[in-house]
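Hi,

Here is the structure I said I'd pass on. Have a look at it before you read my notes underneath.

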Amino acid sequence: MMARRGSKGFTLVEVLVALGIVAVTLAAGVRATATLTLNAQRQSDLMLAQLCAENALISLRLARQMPAVGSNTKTCEQAGRSLDVRLVVQPTPNPNFLRIEAQVLDASRNLLALSTVIGRY
């Protein structure tokens with residue numbers, strides 16, 4: 001008589017362990033992809049916000065006159081998006097200079113704040 005050979009293939013436990021490992025790996029990959037996507041969006045938002053803030057501050061410098069103390073809000077259009085730029089002008093101890101802060105907002109969410117000092121011309 002012929003001796004019986006061991007069966008070929010995987011047991012149910014081995015298959016379930018392999019499926020568990022694959023599931024954990026896929027879940028980690030999906031989470032990493034989501035994180036990368038969010039970081040890319042945030043980087044894009046910050047770049048557009050910086051362009052808006054710098055444009056607002058440069059336009060004040062090019063006006064060649066001291067802006068009024070207080071705050072005002074302007075709309076900035078960049079890459080098809082509308083962002084709000086709040087300019088806050090504050091006096092300094094030296095009356096020849098003003099401190100200006102540009103805050104860029106997207107739906108009341110503060111994206112970026114830049115500050116500078118402008119002097120009399």
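Below is what I found in it, starting with the sheet and then going through the strand pairs.

One thing to keep in mind: this is a predicted model.

The sheet is a good place to begin. It is open and has four strands in the order β1-β2-β3-β4, paired in the antiparallel sense. Its edge strands are β1 (70-78) and β4 (109-119), each of which has a pairing on one side only. If you look at how neighbouring strands sit against each other, they are turned by 20° on average, direction ignored.

Then there's the helix. Helix α1, made of residues 12-63, packs on this sheet and touches β1, β2, β3 and β4. The direction of α1 makes about 25° with that of β4.

Now for the pairs. β1 and β2 run antiparallel and are joined by nine bridges. Within that pair, you'll find Thr75 opposite Asp84 of β2. The hairpin of β1 and β2 has two residues between the strands, and Ala79 there takes a positive phi near 55°.

Moving along, strand β2 (residues 81-91) pairs with strand β3 (residues 97-106), again antiparallel, over eight bridges. Two places to click on here: Arg86 stands opposite Gln103 in β3, and Gln90 has Arg99 of β3 as its bridge partner. The hairpin that takes you from β2 to β3 runs through five residues.

In case sheets are new to you, their strands pair through backbone hydrogen bonds, and the pairing can be parallel or antiparallel.

Cheers

Methods: Residues numbered from 1 in each chain as written. Predicted model: local features only at pLDDT ≥ 70, side-chain atom pairs only at ≥ 80, totals over all residues. Heavy atoms only, no water. Pairing = 2+ DSSP bridges. Axes fitted to C-alpha atoms, helices over the stretch in contact; angles between N-to-C directions. Contact = heavy atoms within 4.5 Å.
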